[in-house]
Amino acid sequence: TIGIYDESLHQRDLYAEQLIEEFPRAIEEKQFQVYYQPKFDVRPDIPILSSAEALVRWVHPELGIISPGVFIPLFENNGLIQQLDNYVWEETAKQIRDWKDSLGYCVPVSVNVSRVDVYDADIIPKIRGIVSRYGLTCSDLVLEITESAYTEDSRQIIETVNKFRQIGFKIEMDDFG
């Protein structure tokens, strides 16, 4: 097999390096925006809003909207995904708190937990701290294990998931199958 490093690969590498380099500023300036995709229970005659999923988008001041298909795998490969996940968890918890305060009601919102997060020894205290800080319950924030996590050490994933379940969190599997 022969691989040829051409200009398009070079440009892709430069773009990836630019995104990595600009990541800290993007977090600081809140260029990452969290959107909430509603989930409906379609079993009743009239579908009912049952929950939502937090989706992150990067709205870059010069490059415009950057596809999560570009930045998520990039950040998963270099460890920045953990910092992005923490940002999304905080923003989501703030939003849930705001809905509870302004509407007196909210639906559970699922947030991604990546492979890197699953291996973090402090993952449970981090998420419990966020829930506590915003006065939420474990049922307000649903933890969605990303597909990249369950291609690794299943023992570690099962152990972490069981610990979360024991303290009351609901666990979902992202893109399972």
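This report describes the nonpolar core, a helix, a strand and a buried aspartate in a predicted model.

## Nonpolar core

The largest nonpolar core comprises 45 residues. Within this core, Phe32, Phe75, Leu84 and Ile127 have the most contacts. The element that gives the most to the core is helix H3 (residues 80–103), which supplies eight residues.

Phenylalanine 75 is in contact with Leu19, Phe23, Phe32, Trp58, Leu80, Ile81 and Leu84, when neighbours within four places in sequence are left aside. Two of these partners, Phe32 and Leu84, are themselves among the residues with the most contacts inside the core.

## Helix H2

Phenylalanine 75 belongs to helix H2 (residues 68–78), where Phe71, Leu74, Phe75 and Glu76 are buried. The cover over the buried residues of H2 includes helix H1 (7–28), strand S1 (32–41) and strand S3 (64–66), together with S2, H3 and H4.

At the start of H2, serine 67 places a side-chain oxygen within 3.0 Å of the backbone nitrogen of glycine 69. After the helix comes glycine 79, which has a positive phi, near 90°.

## Strand S4 and its partners

Strand S4 (residues 109–113) is mostly covered, with four of its five residues buried. S4 runs parallel to strand S2 (residues 48–60), to which two bridges join it. One pairing here is that of alanine 52 with valine 109 in S4.

S4 also runs parallel to strand S5 (residues 141–145), and five bridges join these two strands. Valine 113 has isoleucine 145 of S5 as its bridge partner.

## Aspartate 117

Aspartate 117 is found in helix H4 (residues 115–118), and H4 is also one of the elements that cover the buried residues of H2. Aspartate 117 is buried but has no salt bridge. Its nearest side chain of opposite charge is that of lysine 126, at 6.0 Å; because a salt bridge requires a nitrogen–oxygen pair within 4 Å, this separation does not qualify.

The side chain of aspartate 117 does reach the backbone nitrogen of serine 114, at 2.9 Å. With neighbours within four places in sequence left aside, the contacts of aspartate 117 are Gln82, Asp85, Trp89, Asn112 and Ile123. Among these, Gln82, Asp85 and Trp89 lie in the residue range of helix H3, whereas Asn112 lies in that of strand S4. The buried aspartate thus has contacts with the helix that gives the most to the core and with a strand that is mostly covered.

Methods:
Residues are numbered from 1 along each chain as its sequence is written. This is a predicted model: local features need pLDDT of at least 70, side-chain atom pairs count only at pLDDT 80 or more; totals for chains, interfaces and linings use all residues. Side-chain values use heavy atoms; hydrogens and water are left out. Buried means under 20% relative accessible area, exposed over 50%, partly exposed in between (1.4 Å probe, protein chains only). Lys and Arg count as positive and Asp and Glu as negative; His and the chain ends are not counted. A polar contact is a pair of N or O atoms within 3.5 Å; within protein, one must be able to donate a hydrogen and the other to accept it, and residues adjacent in sequence count only if both atoms are side-chain atoms. Contact means heavy atoms within 4.5 Å. A nonpolar core is a set of buried Ala, Val, Leu, Ile, Met, Phe, Trp, Tyr and Cys residues joined through side-chain atoms within 4.5 Å. Two strands pair if DSSP finds at least two bridges between them.
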